[in-house]
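Q: Could you take a close look at the salt bridges in this one for me? I'd like to see where the partners sit and how covered they are, with a bit of the surroundings thrown in.

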Amino acid sequence: MLGTAIFLTPADIARALPHPGLILAVWLAGGLLTLAGALTYAEMGTMFPKAGGMYHFLKEAYGPFAGFLFGWGSFLVIMSGGIAALAAGFGEYLGAFLPIFSTKNVLLSLPFGTLRWNLTGGAVAGVLAIVFLTVVNFAGVREGAWIQNLVTVVKLGALAGLAGVGLFASAPGHPDLAAPLPASVLAPFGVAMISVLWAYDGWYCFALSAGEARDPGRTIPRGLIVGTIALIAIYGVINFVYLRALPIGDLARSPRAGEAAALALFGPAAAKLASAAILVSIFGCLSANILTCSRIYQPMAKDGLFFRSLAKINPRTRVPASSLVAQGAWAGVLVLSGTFEQLYTYVIFVEVLFFAATGAAIYVLRRKMPESPRPYRAWGYPWVPGLFVASSLLLTGNTLLERPVEALIGLGLLVLGLPAYARWRRVNARLSGD
């Protein structure tokens, strides 16, 4: 969950919602929505503790087509797009250290001349990061988890330092949290929520690799709920530090908010140090997503609803090797195709559609499988899941109105799954007949 967004999206949020009190309110609202989703998904995660997560929740609740559509959307937009957005953010920060990655065009020297690509250096850096981490995760679950645990310590330490010192350092700004509200609040609040949900995105990834977890009935709900509550507190404090360090106008013009805040509070040396820690944080989040998201496509392929080659598990490392390679290749294409903001808007719109469908699945499963073991039962049922579903639907509608181009592109990629599903069903039927 803790990756690029807390360092890169505050500018987008300040542009959409230029009010200090509302900025903190939208981060709290996004956290509470995420917590409602976590409480809901945890029950289904303990019911189906196996790789694939939401693919299984939707398939068991609504049938194979719903599960397929989630997997298809994950591969084309949600998970691969999320990896691409993280990689783009990684490239954005790496350019502050290595000027070659801040260039607007990339030159490739060949024996017969020079090839000019109309690409940013940051995009190339993002692709290289995807390649490296895919190779690491290809080596096995332990190797991928080792890197993840290491960078988690680093990024939490960086945020703790920025928050702890930033709260008490002499600051140029004193945010007026009770300033008069702008004339329009609801629509901008919804637009800002897109960026906030990107910051909380990844909370559901526990379910994707639950089959490889120890004692999932205990560890899944505990890790998910405690982690989400901790992140609400962390994000609230960090955003307050941003508002102390930068006036709203400056924050809106700062694509790297963490670096800009450290510069305003502590000077150039601290800004570079903060950027280095942020770079590690983004790298760690990218690693976690590559590890977990690749677990969706293997069970789909095993069910005959995706490329059969992706059903293979490496016999030595026990990882879905083909899924890792396919995911990395497509995510690399997406990095080269769009900006950070465009990528996460595609992701969040399609993702929130599935939030609503998956949240509603808890009601269907309670009715269809009343006797199935549930080591954890959703707290606040039926009201908390209902709030999560209703909020997700409202946010989907608002995104369609306020960001129609990005929303329709994401929806269009999802609709491409209809003929794909029909084709795989025909192939399955033919193979079964043989």
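A: Here's a walk through the salt bridges, followed by some other spots along the chain.

First, a caveat: this is a predicted model. The protein chain has 18 helices and two strands, and 57% of its 434 residues are buried. If you look at contacts with a separation of 6 or more, 81% of them are between residues 24 or more positions apart. The accessible surface of the chain comes to about 18,100 Å², and carbon and sulfur atoms account for 68% of that area.

Now to the part you asked about. The structure holds five salt bridges, and one of them joins the side chains of Glu 43 and Arg 374, at 3.0 Å from N to O. Glu 43 belongs to helix H3 (residues 20–47), while Arg 374 is in the loop between helix H15 (340–368) and helix H16 (383–402), so the pair ties together parts that are 331 residues apart in sequence. How covered are the two partners, buried or exposed? Glu 43 counts as buried because its relative accessibility is 1%, under the 20% cut-off. Arg 374 is also on the buried side, with a relative accessible area of 10%.

Next, the pair formed by Glu 259 and Arg 256: their closest N and O atoms are 2.6 Å apart in a salt bridge. Here the cover is split between the partners: Glu 259 counts as buried at 16% relative accessibility, whereas Arg 256 is partly exposed at 23%. Going back to Glu 43 for a moment, there's a network to point out: salt bridges with shared partners join Glu 43, Arg 366 and Arg 374.

Then there's a local pair, made by Arg 15 and Asp 12, whose side chains meet in a salt bridge at 2.3 Å from N to O. Both residues lie in helix H2 (residues 10–16), three residues apart, or about one turn of the helix. Arg 15 is partly exposed, with a relative accessibility of 48%. Asp 12, on the other hand, has a relative accessible area of 12%, so it falls under the 20% limit and counts as buried.

While you're at the loop between H15 and H16, have a look at Pro 382, which is found in that loop too. The peptide bond joining Tyr 381 and Pro 382 is cis, with omega at about 5°.

Moving on into helix H16, you'll find Asn 398 there. Asn 398 counts as buried, with a relative accessibility of 15%. Leaving out residues up to four places away in sequence, Asn 398 touches Ala 187, Gly 190 and Val 191.

Helix H15 also comes up when you look at the enclosed spaces. There are two cavities of 30 Å³ or more, and the second largest cavity holds about 40 Å³ of space. Which helices each supply at least two residues of the lining of that second largest cavity? Helix H5 (64–94) and H15 do. Among the residues lining this cavity are Tyr 41, Met 54, Phe 70, Tyr 204 and Glu 351. Ile 78, Met 79, Phe 354 and Phe 355 are also part of the lining.

Out on the surface, Phe 65, Val 415 and Leu 418 make a nonpolar patch of about 240 Å². Leu 418 lies in helix H18 (residues 417–433). With a relative accessible area of 43%, Leu 418 is partly exposed.

One last stop is Leu 273, in helix H12 (residues 268–293). Leu 273 counts as exposed because its relative accessibility is 62%, over the 50% cut-off. The C-alpha atoms of Leu 273 and Leu 263 are separated by 10.0 Å, and the two residues are ten residues apart along the chain.

So, to pull the salt bridges together: Glu 43 and Arg 374 are both buried and tie together parts 331 residues apart in sequence. Arg 15 and Asp 12, by contrast, sit three residues apart in helix H2.

How values were computed: Residues are numbered from 1 along each chain as its sequence is written. This is a predicted model: local features need pLDDT of at least 70, side-chain atom pairs count only at pLDDT 80 or more; totals for chains, interfaces and linings use all residues. Side-chain values use heavy atoms; hydrogens and water are left out. Patches are made of residues with over 30% relative accessible area and no salt bridge: like charges are joined within 9 Å, nonpolar side chains (Val, Leu, Ile, Met, Phe, Trp, Tyr) within 5 Å. Accessible areas come from the Shrake-Rupley method with a 1.4 Å probe; for residues, only the protein chains shown count as cover. A salt bridge is a side-chain nitrogen of Lys or Arg within 4 Å of a carboxyl oxygen of Asp or Glu. Helices (H or I, at least four residues) and strands (E, at least two) are DSSP runs, numbered from the N terminus. Buried means under 20% relative accessible area, exposed over 50%, partly exposed in between (1.4 Å probe, protein chains only). Contact means heavy atoms within 4.5 Å. On a 1 Å grid over the protein atoms alone, a cavity is a set of points where a 1.4 Å probe fits but cannot get out, and a pocket is an open set with protein on both sides within 12 Å along at least five of seven lines; lining residues have an atom within 4 Å of a point. Grid points are joined across faces, edges and corners, and a volume is the space filled by probe spheres set on the points.
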